[in-house]
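My notebook is open and the viewer is loaded. I'll jot down what I look up, one entry at a time.

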Amino acid sequence: MDYFYNYLTMESALNLDRIAHSKITKKFRTDNKQLLFSRGKDGTVWDDLGRPYLDFVMGYGPVIIGHANIEYNERICSLLANGMMMPGYSEFHEKYLGHLLRDRPGDRGAFFKTASEAVTAAFRLAAMENGRLGIIRAGYVGWHDSQVANSLKWHEPQNSPLREQLRYTQAMRGVGPDEPILNWVDLQLESLETLLEENAGRLGCFVFDAYLADRTSPTILAEALAMCRKAGLLTVFDETKTGGRISPLGYAHDNALGADMIVLGKALANGAPISVLVGNRELMAHAEQARLSGTFSKEMVTVYAATVTADILERPIGASADGWQELGTIGTAIAATITEAATRVGVADFVRAEPVLGGSMFELVYGDHVLGNKKWRSELLQAFSAEGILLLEGHPSFVCLAHREIDHEDLTQRAVRALRSWALECEVHHD
Ligand SMILES: Cc1ncc(COP(=O)(O)O)c(C=O)c1O
């Protein structure tokens with residue numbers, strides 16, 4: 001143990017030299033240094049210097065009950081007595097899916113570790129059905145080549161000048177004239193119609209990040225799915241951020257949109273890696289021939305974790321009928337507190353926070369002056385971090401059940417200090 005801690009301290013002194021980090025993990029900084037985390041409890045995380053932070057990143061969405069929840073940990077530990085991995089799937093997998101899909105009797109599920117895997121599986125199943133490799137995509141749907149190549153900054157607001165610049169154009173395969181990957185950018189039916197017409201016969205799959213549903217309506221989305229289906233595409237609702245977070249199965253199920261496949265991920269297991277691809281029996285019957293699984297698909301720890309997570313979230317809590325409803329209340333209140341702080345500082349025209357899809361996620365919303373200003377925006381995160389608050393920008397932030405214990409007066413004061421120092425540092429002002 002001592003050796004491990006000494007080793008960690010030494011490595012952090014070297015500034016994370018050995019970790020192949022992504023842009024994402026570099027975002028969290030205090031005193032202009034990237035943070036290295038040592039532990040979490042409930043809604044708070046600590047860095048390696050022992051500094052606490054209110055965590056609204058939640059591992060980018062998976063943590064939904066809270067860090068190191070005692071009941072969650074103890075129940076998983078006792079389930080571990082059954083082992084980690086069997087030669088094939090276990091009764092725990094079967095029972096979990098039976099419960100998860102109880103309102104979708106015709107459906108089956110395939111287990112994966114990450115949502116990128118599940119979305120790749122969905123693309124392959126679609127191509128097995130209709131023989132076409134082209135894809136229409138709206139939103140971030142994973143990091144595999146065909147998911148991320150030539151994509152936008154999808155989480156930026158529709159009117160952001162930073163949104164449409166194409167990214168990830170290097171070193172990607174499975175993208176080209178025979179297998180076009182097209183972006184449905186404006187979420188207008190006219191532009192979708194044009195994409196479908198101009199690429200008729202080459203498109204096999206339509207995939208939609210359900211988080212973007214906040215920017216349109218169930219009626220438009222139902223029409224979009226109908227248009228895609230008419231053109232012979234299979235439709236996928238990617239509920240990686242939303243499934244298990246806004247409700248047990250997410251937006252498409254709740255709004256009876258009838259997508260051919262649903263991808264669930266992130267929040268299902270409070271941080272343990274699991275993703276489930278859901279589709280009807282006939283479609284999922286291709287899974288074997290399409291070779292849709294890997295060594296760890298049948299691993300059991302995440303299914304223990306997912307079972308316990310669902311069990312905890314299904315219970316009434318506070319005035320809410322279940323955990324999902326409570327998460328909406330919690331995030332809505334946090335967004336209101338941040339907005340209230342911005343109002344007190346006099347910068348609410350520049351930045352405020354708004355709940356997304358009911359409130360289990362919230363996002364910073366910028367005025368025109370700040371929207372295109374990357375420097376101001378990243379300084380804002382640093383200002384919050386210096387006050388012990390970690391959140392996301394240009395992406396929704398996430399809450400967990402443990403955040404119901406937040407002291408809102410304390411949060412207001414910290415947010416006020418953060419916003420005040422940000423406004424001073426950046427000289428935020430109207431032209
Ligand atoms: C909508 C959506 N789809 C897919 C993914 C990819 O998930 P993973 O990182 O588990 O591969 C993400 C991750 O942020 C996502 O938000």
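**Entry 1: a pair of strands.** I started with Ile136 and found Leu182 of E8 standing opposite. Before going on, I noted that this is a predicted model. Ile136 made me look at strand E7, residues 134-138, which is joined to E8 by three bridges. The two strands, E7 and E8, run parallel. A reminder to myself: strands of a sheet pair through backbone hydrogen bonds, either parallel or antiparallel.

**Entry 2: the seven-strand sheet.** Next I zoomed out to see where that pair belongs. I read the strand order as E6-E12-E11-E10-E9-E7-E8, an open sheet of seven strands with mixed pairing. Which strands stand at the edges? They are E6 (107-112) and E8 (181-183). Each has a single partner strand, so one side of each is left without a neighbour in the sheet. I also looked up the twist: on average, neighbouring strands here are turned by 20 degrees against each other, if direction is ignored.

Then I checked what packs on this sheet, and noted helix H3, residues 91-100. H3 touches E6, E11 (261-264) and E12 (275-280). The direction of H3 makes about 130 degrees with that of E6.

**Entry 3: the four-strand sheet.** I moved on to another open sheet, this one of four strands in the order E3-E4-E5-E15, again with mixed pairing. At its edges I found E3 (37-41) and E15. Both of these have a single partner strand, so one side of each lacks a neighbour in the sheet.

Inside this sheet I followed E4 (residues 44-47) and E5 (residues 52-55), which pair in the antiparallel sense over three bridges. Thr44 has Leu54 in E5 as its bridge partner. E4 and E5 make a hairpin, and I counted four residues between them. Gly50 sits in the turn and has a positive phi of about 85 degrees.

Leu54 came up again, since it also stands opposite Ile389 in E15. E15 covers residues 389-390, and its pairing with E5 is parallel, over two bridges.

**Entry 4: the ligand.** Last, I looked at what surrounds the ligand. Among the residues around it are Thr114, Ser116, Tyr140, Asp209 and Lys266. How many of the shell residues are nonpolar, polar and charged? I wrote down three nonpolar, four polar and four charged.

Then I went after the polar atoms. Asp238 has a side-chain N or O atom 2.5 Å from a nitrogen atom of the ligand. For Thr240, a polar side-chain atom is 3.2 Å from a ligand nitrogen atom. Lys241 places a polar side-chain atom 2.8 Å from a ligand oxygen atom. Taken alone, the ligand exposes 390 Å², and the protein buries 85% of that.

Definitions and conventions:
Residues numbered from 1 in each chain as written. Predicted model: local features only at pLDDT ≥ 70, side-chain atom pairs only at ≥ 80, totals over all residues. Heavy atoms only, no water. Near = heavy atom within 4 Å. Polar contact = N/O pair within 3.5 Å; in protein donor to acceptor, adjacent residues only side chain to side chain. Areas by Shrake-Rupley, 256 points an atom, 1.4 Å probe, with all protein chains shown as cover. Nonpolar A, V, L, I, M, F, W, Y, C, P; charged D, E, K, R; others polar. Pairing = 2+ DSSP bridges. Axes fitted to C-alpha atoms, helices over the stretch in contact; angles between N-to-C directions. Contact = heavy atoms within 4.5 Å.
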